[in-house]
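Welcome, and please open your viewer so that we can walk through this structure together. At each stop you will get something to select and a short note on what is there.

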Amino acid sequence: MTSTDVSTSMFERIGGSATIDRLVESFYDRMDRLPEAKVIRAMHADDLGLIRDVLKRYLTEWTGGPRLYTPEKGHPRLRQRHIGFAIGDAERDAWMLCMRGAMEETITDSAARQDLDKAISDLADWMRNRQ
């Protein structure tokens, strides 16, 4: 087997579950702290503990790590799960502001960070359900 036969998952590229944990903690800390994130913070419960865990499990699986999300929650159906929330450009931008800051803080590999940013940006764009 040559090195081109083996691909490295994004999960491995960014540093595995320890990085996912730090990323999610930083993301929600920013959501709590940044005035620009007020619009998306209001969509969440006062206690972010449960949603932090859900995002950690989702991102672990989504980036190619262990299947921690679907065995419990089933198919992500992200748009369906978020349909009750008005998500437009402002909400997407606030979410991405928090996520980009968290990625900058926690992912040291700049190429992996850029690749993950592109994938997450595409996902955030797809989640919009209003103009």
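The tour below starts with the whole chain, moves on to a pocket, and ends with a handful of single residues.

**Stop 1: the whole chain**

Before you select anything, keep in mind that this is a predicted model. Show the chain as a cartoon and follow it from start to end: the pattern reads α-α-α-α-α-α-α-α. In other words, the secondary structure comes to eight helices and zero strands.

Now turn the model around. Along the principal axes, the C-alpha atoms fill a box of roughly 50 × 30 × 30 Å. How does the radius of gyration of the chain agree with that of a compact globule? A compact globule of 131 residues would have a radius of gyration near 14 Å, and the chain has 15 Å, which agrees.

Switch on the surface next. Its accessible area comes to about 7,800 Å², and 51% of that belongs to carbon and sulfur atoms. As for the inside, 42% of the 131 residues count as buried. Contacts also reach along the sequence: among those between residues at least 6 apart, 68% join residues at least 24 apart.

**Stop 2: the largest pocket**

Rolling a probe the size of a water molecule over the atoms shows where empty space is left. The largest pocket here has a volume of about 720 Å³. To find it, select Tyr 28, His 44, His 82, Trp 95 and Met 127, which are the closest to its centre of the 26 residues that line it.

Which helix gives the largest share of the lining? Select helix 4, which supplies six residues of it. Then colour helix 2 (16-33), helix 4 (49-62), helix 6 (78-81), helix 7 (89-106) and helix 8 (110-126), each of which supplies at least two lining residues. If you colour the lining by residue type, you will find 20 nonpolar residues, two polar and four charged.

**Stop 3: two residues of helix 4**

Stay with helix 4 and select Lys 56, which has its place there. Is Lys 56 buried or exposed? With a relative accessible area of 17%, Lys 56 is buried. Leaving aside neighbours within four places in sequence, show its contacts: Ile 20, Asp 21, Val 24 and Glu 25.

Now select Val 54, also placed in helix 4. Val 54 has a relative accessible area of 18%, so it counts as buried. Not counting residues up to four places away in sequence, Val 54 touches Tyr 69 and Lys 73. For a distance to try in your viewer, pick the C-alpha atoms of Val 54 and Leu 68: these residues are 14 apart in sequence and 9.1 Å apart in space.

**Stop 4: Ala 102 in helix 7**

Select Ala 102, which lies in helix 7. Ala 102 has a relative accessible area of 0%, so it is buried. What is Ala 102 in contact with, leaving aside neighbours within four places in sequence? Show Leu 23, Ser 26, Phe 27 and Arg 30 to see these contacts. Then draw a line from the C-alpha atom of Ala 102 to that of Leu 50: the two residues are 52 apart along the chain, and the separation is 19 Å.

**Stop 5: Arg 13 in helix 1**

Go to helix 1 (residues 10-14) and select Arg 13. Arg 13 counts as partly exposed because its relative accessibility is 28%. Beyond its neighbours within four places in sequence, Arg 13 is in contact with Thr 8, Asp 109, Ala 111, Ala 112 and Asp 115. From Arg 13 to Leu 55 it is 42 residues in sequence and 18 Å in space, C-alpha to C-alpha.

**Stop 6: Ala 42 in a loop**

For the last stop, where is Ala 42? Select the loop between helix 3 (38-41) and helix 4, and you will find Ala 42 there. Ala 42 has a relative accessible area of 66%, which means that it counts as exposed. Finish with the C-alpha atoms of Ala 42 and Pro 66, which are 31 Å apart in space, with these positions 24 residues apart in sequence numbering.

Technical notes. Residues are numbered from 1 along each chain as its sequence is written. This is a predicted model: local features need pLDDT of at least 70, side-chain atom pairs count only at pLDDT 80 or more; totals for chains, interfaces and linings use all residues. Side-chain values use heavy atoms; hydrogens and water are left out. On a 1 Å grid over the protein atoms alone, a cavity is a set of points where a 1.4 Å probe fits but cannot get out, and a pocket is an open set with protein on both sides within 12 Å along at least five of seven lines; lining residues have an atom within 4 Å of a point. Grid points are joined across faces, edges and corners, and a volume is the space filled by probe spheres set on the points. Helices (H or I, at least four residues) and strands (E, at least two) are DSSP runs, numbered from the N terminus. Ala, Val, Leu, Ile, Met, Phe, Trp, Tyr, Cys and Pro count as nonpolar, Asp, Glu, Lys and Arg as charged, and the others, Gly among them, as polar. The radius of gyration is taken over C-alpha atoms; the globule rule is 2.2 Å times the number of residues to the power 0.38. Buried means under 20% relative accessible area, exposed over 50%, partly exposed in between (1.4 Å probe, protein chains only). Contact means heavy atoms within 4.5 Å. Accessible areas come from the Shrake-Rupley method with a 1.4 Å probe; for residues, only the protein chains shown count as cover.
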